[in-house]
Amino acid sequence: ASPILDNPNLESKEGESQGVAFDGSHASRFSLDDAPTLAFPSISTSDFQFNYEKAADIIVEKVAEFTAKLGNARLVLVDLTHKSKILSLVKAKASEKHIDTQKFLTHVGDITKLHSTGGLNCNVIANAANWRLKPGGGGVNAAIFNAAGPELESATKERAKSLSPGNAVVVPLPASSPLFVTEGVTHVIHVLGPNMNPQRPNCLNNDYEKGCKILQDAYASLFEGFASIVR
Ligand code: AR6
């Protein structure tokens, strides 16, 4: 049995089709049954204005740590455009550090349409959430709540009412959610990263000592949450 069957809302998902994963120039085939996959956005680097270089270092460090522990599971960093600065930085740093390209890839696309438009099967997606765990607000949070329908908001409320920076919460997605039906997403993991934007709550006022620690904790909680689903 596949480890992804741990979602209580999911009865059976045998015989999953093959997907194609794009790592920029090369395409490699993989099967979702063999490889539970977490797609995640770069936490805090857009609306929360966290420094790209520092964020890229942290992403690569945490990915290196967790790919070693995750068995055959995969991690995919996603952003919307080929011009994404964070994607190019992470790609370069990951290759310098010889991160296993079978276990970690970068992907350009909308995280809510990875299967339908990207041909990429990701059973778990991460959200760069706000502390209230509420829909809207823009960015990837608005996109995920819109795509998942009201099912995500109610499933989220059952798990947590709020989140403090550096933490993540795993939410099993009801099988009636459009994101489950069309994209095969069984879980959303909300993550709250450090905020450097003075117009948002809990601004760290450029304190990168605290900020880096919180971002490290955020990715550790995210990847541990994913590992708990896969286990
Ligand atoms: N698919 C993939 N990546 C996306 C998508 C998408 N549909 N939309 C945005 N990104 P942000 P933050 C990328 O601002 O900085 C929210 O309003 C984006 O290019 O969503 O952690 C929340 O409610 C960037 O690389 O998250 C919080 O209040 C990354 O996702 C606050 O913003 C994260 O950008 C969180 O700010």
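This report describes the fold of one protein chain, then its ligand site and one buried loop residue.

**Overall make-up**

The structure is a predicted model. The protein has seven helices and eight strands. Of its 231 residues, 51% are buried. Among contacts between residues at least 6 apart in sequence, 69% join residues at least 24 apart.

**The sheet**

Six of the strands form an open sheet, in the order 5-4-3-6-8-7, and the pairing is mixed. Strand 5 and strand 7 (168–172) are the edge strands, each pairing on one side only. From one strand to the next, the twist averages 25 degrees.

In general, strands of a sheet pair through backbone hydrogen bonds, in either a parallel or an antiparallel sense. Both senses can be followed here at the edges. At one edge, strand 4 and strand 5 pair in the parallel sense over five bridges. Leu-77 has Thr-106 of strand 5 as its bridge partner. Although strand 5 is an edge strand, four of its five residues are buried, so it is largely enclosed by the rest of the structure.

At the other edge, strand 7 and strand 8 (residues 187–191) pair in the antiparallel sense, again over five bridges. Val-170 has Ile-189 of strand 8 as its bridge partner. Two helices that pack on the sheet touch strand 8. Helix 4 (residues 139–148) touches strand 3, strand 6 (124–128) and strand 8, and its direction makes about 135 degrees with that of strand 6. Helix 5 (residues 150–159) touches strand 7 and strand 8, with a direction about 125 degrees from that of strand 7.

**Helix 1**

Helix 1 covers residues 52–67, which is 16 residues. From its first C-alpha to its last it reaches 22 Å, close to the 22 Å expected at 1.5 Å a residue. At its N-terminal end, Asn-51 acts as a cap: a side-chain oxygen of Asn-51 lies 3.0 Å from the backbone nitrogen of Glu-53.

The buried residues of helix 1 are Ala-55, Ala-56, Ile-58, Ile-59, Val-60, Lys-62, Val-63, Phe-66 and Thr-67. An α-helix has 3.6 residues a turn, so residues three or four places apart point the same way. The buried residues of helix 1 pack against three strands and two helices: strand 3 (37–41), strand 4 (74–79), strand 5 (104–108), helix 2 (85–96) and helix 7 (208–230).

**The ligand site**

There are 23 residues around the ligand, and Ser-44, Asp-47, Asp-79, Gly-137 and Val-140 come nearest. The table gives three polar contacts between the ligand and backbone atoms.

| Residue | Atom of the residue | Atom of the ligand | Distance |
|---|---|---|---|
| Asp-47 | polar backbone atom | oxygen | 2.9 Å |
| Ile-111 | backbone N or O | nitrogen | 2.9 Å |
| Gly-137 | polar backbone atom | oxygen | 2.9 Å |

Asp-47 and Gly-137 thus appear in the table, with an oxygen atom of the ligand as partner, and also among the residues that come nearest.

**Asn-195**

Asn-195 is found in the loop between strand 8 and helix 7. Is Asn-195 buried or exposed? Its relative accessibility is 3%, and because buried means under 20%, Asn-195 counts as buried. The side chain of Asn-195 reaches the backbone oxygen of Arg-200 at 3.1 Å. Leaving aside neighbours within four places in sequence, Asn-195 is in contact with Phe-48, Arg-200, Pro-201, Asn-202, Cys-203 and Leu-204.

Terms used: Residues are numbered from 1 along each chain as its sequence is written. This is a predicted model: local features need pLDDT of at least 70, side-chain atom pairs count only at pLDDT 80 or more; totals for chains, interfaces and linings use all residues. Side-chain values use heavy atoms; hydrogens and water are left out. The expected span of a helix is 1.5 Å times one less than its number of residues. Buried means under 20% relative accessible area, exposed over 50%, partly exposed in between (1.4 Å probe, protein chains only). Contact means heavy atoms within 4.5 Å. A polar contact is a pair of N or O atoms within 3.5 Å; within protein, one must be able to donate a hydrogen and the other to accept it, and residues adjacent in sequence count only if both atoms are side-chain atoms. Two strands pair if DSSP finds at least two bridges between them. Axes are lines fitted to C-alpha atoms, for helices over the stretch in contact, and angles run from 0 to 180 degrees between N-to-C directions. A residue is near a molecule or strand if one of its heavy atoms lies within 4 Å of it.
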